[in-house]
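Work through the exercises below with the model open. Each task is followed by its solution in steps.

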Amino acid sequence: MATVADIEPASLTITPGTAEQFTLTLRNEGDDVEAYRLTAIDDAAEHVVIEPDTLLLHPGESGTATATMRLEHTGSWAVGEMVVRFQVVPAGAPDDFLVLEAIATIQSFSDVSAVLSPPSLEGRRGATTRIAVSNNGNAHADADLAVSAGNLELTIDRPRVALPAGSTQEVSLRVHARSLLWRGDPEQHDFTVSVSPENQPSATLEGTFRQLPLLPGWTFIAAIVAAAVIGLALIIGLAVLLWNSLTGAAPVATTEPPTETPTVTAAAEPVSVVTELTAPADPDPADGTVVATVAVDAADAPEDSLVAVAVSWPDQLALAGDSCIGWLDGATDELQEPGAPGLVRPGDQCLIDPGALRSQADLEFTLPPEGFSGTVSAKPSRLVSVEDGTVAEVDPGIRTSSAERLEVALDPPPFWMQVEAYRPNPESSTRQYVMAVHRTLDADSDDAQFAFRITAPDFAQPPNLFGAFLQNGAGACISVPEEDVCVVDFPVDVPPAEQGSGRWVGGTLETQWVFVPIQVPTDESAAGLVSLEAVGITEGDDELGEGEVADLVPPATGPLVVGSDVFPVDVEFDPSSAPAGEEVQATVELTAAIFDDRSAAEDGSRLIQVKFDWTDRIDLVDDPIGCATYDARERVCTLDEPADGELPDIELTFSIDDDATFDGTDHADLLAKASVLTYPPEDEEDLTGGADVPGGWPIRWDATEIQPLDFEFG
């Protein structure tokens with residue numbers, strides 16, 4: 001074997017909550033330059049970070065990497081030995097990998113903590129609280145308890161607790177005042193609890209007891225006033241009797257109806273709800289996703305109530321998953337069960353339990369590969385209860401508050417890829433798929449070459465990369481080093497004659513459109529994925545291998561369906577040719593024919609938008625007909641989801657420039673690109689590749705149609 005590897009130390013001790021390091025040393029004994037990929041495997045894999053994780057070694061050269069092992073500070077780690085394994089994989093001969101082993105001895109530790117619950121007590125003579133003592137370590141511990149207070153009698157049911165690893169013991173504490181407080185203002189008494197674990201510093205818990213008087217402070221004054229009123233009433237009564245006896249007037253009894261005192265019910269105060277919206281500080285473009293966390297703070301919310309939070313996000317993002325208790329439709333208030341993100345729209349309300357230990361919900365969005373900048377917002381709208389699927393609003397509601405906003409910004413990677421279905425013909429055994437490879441330019445960009453691997457499903461023939469072509473028919477791959485690897489060229493200065501051929505530069509972006517024919521059987525209905533994986537980049541004097549490129553460039557997948565079109569986009573001009581100054585009508589027909597029985601797939605998919613592009617020799621006369629909204633600047637048509645499942649045709653009217661003259665081509669192109677979002681399967685059959693929704697169906701895919709409009713000259 002051409003690789004020599006060693007690990008130091010061969011064994012070490014580690015205490016949970018601390019970090020220890022191994023040193024991996026590699027030597028290349030071969031004759032070629034080799035890149036080695038280092039990974040931790042088996043039980044220790046998720047607890048080890050290797051820096052660097054790739055070593056590039058020339059023949060006879062040695063290199064080292066540091067593997068840092070960190071165990072969480074929890075009691076779940078059993079005392080004893082753990083085998084730590086590392087895999088060393090040479091890129092040139094991945095089957096000749098090495099495995100290094102070392103021993104990590106996990107040390108015992110105890111971590112005792114205590115909580116007084118509740119810490120604040122109230123009563124006329126006494127009250128009871130509890131001391132919860134927990135051992136978060138992996139070894140047995142004992143702890144002594146002591147209490148003290150000035151004017152209180154404290155009774156504890158046991159002064160010492162035994163704590164097995166990972167256990168919690170509760171101790172009752174009775175607080176008793178030495179004497180009654182008859183009247184006056186409440187008095188507050190402080191007390192402390194000392195928890196002293198073995199071999200650990202003591203912890204002091206502080207509590208208070210608020211002693212209430214038996215009689216309120218105003219009782220004595222009220223008694224004096226009442227006695228004075230009664231005495232005055234007796235004097236007046238005796239005076240009246242004496243007067244009547246002297247004048248001989250008979251006493252007259254009068255009865256006045258009792259005056260009812262209206263009962264005033266204080267209106268309940270609205271509950272204060274505070275939301276916080278957070279996301280990772282630096283999302284990784286290679287991940288393709290970002291998780292936004294919506295946290296709510298509603299301490300005064302009624303028991304069993306839920307906070308409804310209206311969440312909005314841009315159309316460029318797709319909600320792929322969430323941990324909401326459920327969703328309320330923003331328009332109908334219909335309850336959507338969790339686990340069905342395909343039915344959730346921007347503006348719908350995420351339900352969060354404010355009384356839960358983790359009163360928050362995670363929202364996972366997929367990001368477009370070309371980078372993104374936009375705002376996600378969350379605004380609490382009301383308190384609701386849900387019982388047997390019925391949603392009811394809970395009084396007293398919430399105080400109106402502003403929406404919490406989260407700016408999500410992601411720079412595009414230097415290269416990214418897309419797979420699109422391009423005019424698939426169900427009757428033909430040859431399907432054309434376009435692989436769009438994009439490059440982000442900057443001021444220092446040089447000519448570049450980009451290599452990517454194309455993988456087709458087992459039922460299809462391997463892609464014929466020697467037959468891959470650009471839009472003008474020229475060969476696309478400047479070399480095919482392996483059967484499934486295509487190398488494309490990215491010159492910074494693209495000749496004007498080639499900018500309409502599938503190779504062009506626009507602004508800060510350079511794009512290659514590579515059309516790849518794939519042979520498939522036509523006598524069955526099957527589905528699978530065409531996937532792209534970056535394997536090499538050469539840019540100026542810099543050359544990156546497969547391991548480095550895989551971490552830098554996100555992969556891409558797209559659908560390959562046999563037996564029916566994936567998502568046909570049909571573009572037609574009427575008339576198909578016209579002279580300068582005339583108008584022509586273009587019709588774009590959209591369908592969603594996914595498999596022979598397509599109902600299940602349509603339930604998990606929805607059309608979002610169609611993007612148009614056309615050459616500058618024709619001009620759009622007015623906004624397209626059939627769009628719910630149209631963005632003229634981006635040339636994007638957004639469609640409403642039809643109730644009957646039928647998608648509307650889109651009609652566009654173009655005028656041909658009066659001064660359109662022959663410039664080397666005799667047609668202008670109209671491109672229609674329809675974007676579809678798909679969502680995760682809902683049952684086990686789908687997850688394992690069911691007939692209707694194949695497992696691993698991409699979260700986003702596109703279908704493209706390019707139609708030429710012929711010009712007539714002189």
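**Exercise 1.** Find the handedness of the disulfide of Cys627 and Cys637, then place both cysteines in the chain.

*Solution.*
- Step 1. The torsion about the S-S bond of Cys627 and Cys637 is about -115°, so this disulfide is left-handed.
- Step 2. Check the bond: the S to S distance is 2.0 Å. A disulfide here is a pair of cysteine sulfur atoms within 2.5 Å.
- Step 3. Cys627 sits in the loop between S43 and strand S44 (629–631), and Cys637 in strand S45 (residues 636–638), so the link ties together parts ten residues apart in sequence. Strands are DSSP runs of E, at least two residues, and helices are runs of H or I, at least four, both numbered from the N terminus.
- Step 4. Cys627 has 17% relative accessibility, so Cys627 counts as buried. Cys637, at 0%, is buried too. Buried means under 20% relative accessible area, exposed over 50%, partly exposed in between (1.4 Å probe, protein chains only).

The model is predicted: local features need pLDDT of at least 70, side-chain atom pairs count only at pLDDT 80 or more, and totals for chains, interfaces and linings use all residues. Residues are numbered from 1 along each chain as its sequence is written, and side-chain values use heavy atoms, leaving out hydrogens and water.

**Exercise 2.** How many disulfides does the structure hold, and what is the pairing of the bonded cysteines in sequence order?

*Solution.*
- Step 1. The structure holds three disulfides.
- Step 2. Cys324 and Cys350 are bonded, with sulfur atoms 2.0 Å apart. Their S-S torsion is -110°, a left-handed link. Cys324 lies in the loop between strand S22 (318–322) and strand S23 (327–328), and Cys350 in strand S25 (residues 349–352), 26 residues away.
- Step 3. Cys324 is buried at 4% relative accessibility. Cys350 is buried at 0%.
- Step 4. Cys477 and Cys486 form another disulfide, also with sulfur atoms 2.0 Å apart. Its torsion is about -110°, so the disulfide is left-handed. Both Cys477 and Cys486 are buried.
- Step 5. In sequence order the pairing reads 1-2, 3-4, 5-6.

**Exercise 3.** Which strands are the edges of the open sheet S39-S41-S46-S43?

*Solution.*
- Step 1. Four strands make up this open sheet, and the pairing is antiparallel. Two strands pair if DSSP finds at least two bridges between them.
- Step 2. The edges are strand S39 (569–574) and strand S43 (618–620), each pairing on one side only.
- Step 3. From one strand to the next, the twist averages 30°. Axes are lines fitted to C-alpha atoms, for helices over the stretch in contact, with angles from 0 to 180 degrees between N-to-C directions.
- Step 4. Three bridges join S43 to strand S46 (residues 650–656). Ile618 has Ile656 as its bridge partner in S46.

**Exercise 4.** Is Ser167 buried or exposed, and what does Ser167 touch?

*Solution.*
- Step 1. Ser167 lies in the loop between strand S15 (160–163) and strand S16 (168–177).
- Step 2. Its relative accessibility is 15%, so Ser167 counts as buried.
- Step 3. Leaving out residues up to four places away in sequence, Ser167 touches Val133, Ser134 and Asn135. Contact means heavy atoms within 4.5 Å.
- Step 4. Follow S15 to its partner: four bridges join S15 to strand S13 (residues 141–149), running antiparallel. Leu163 in S15 is the bridge partner of Ala141.
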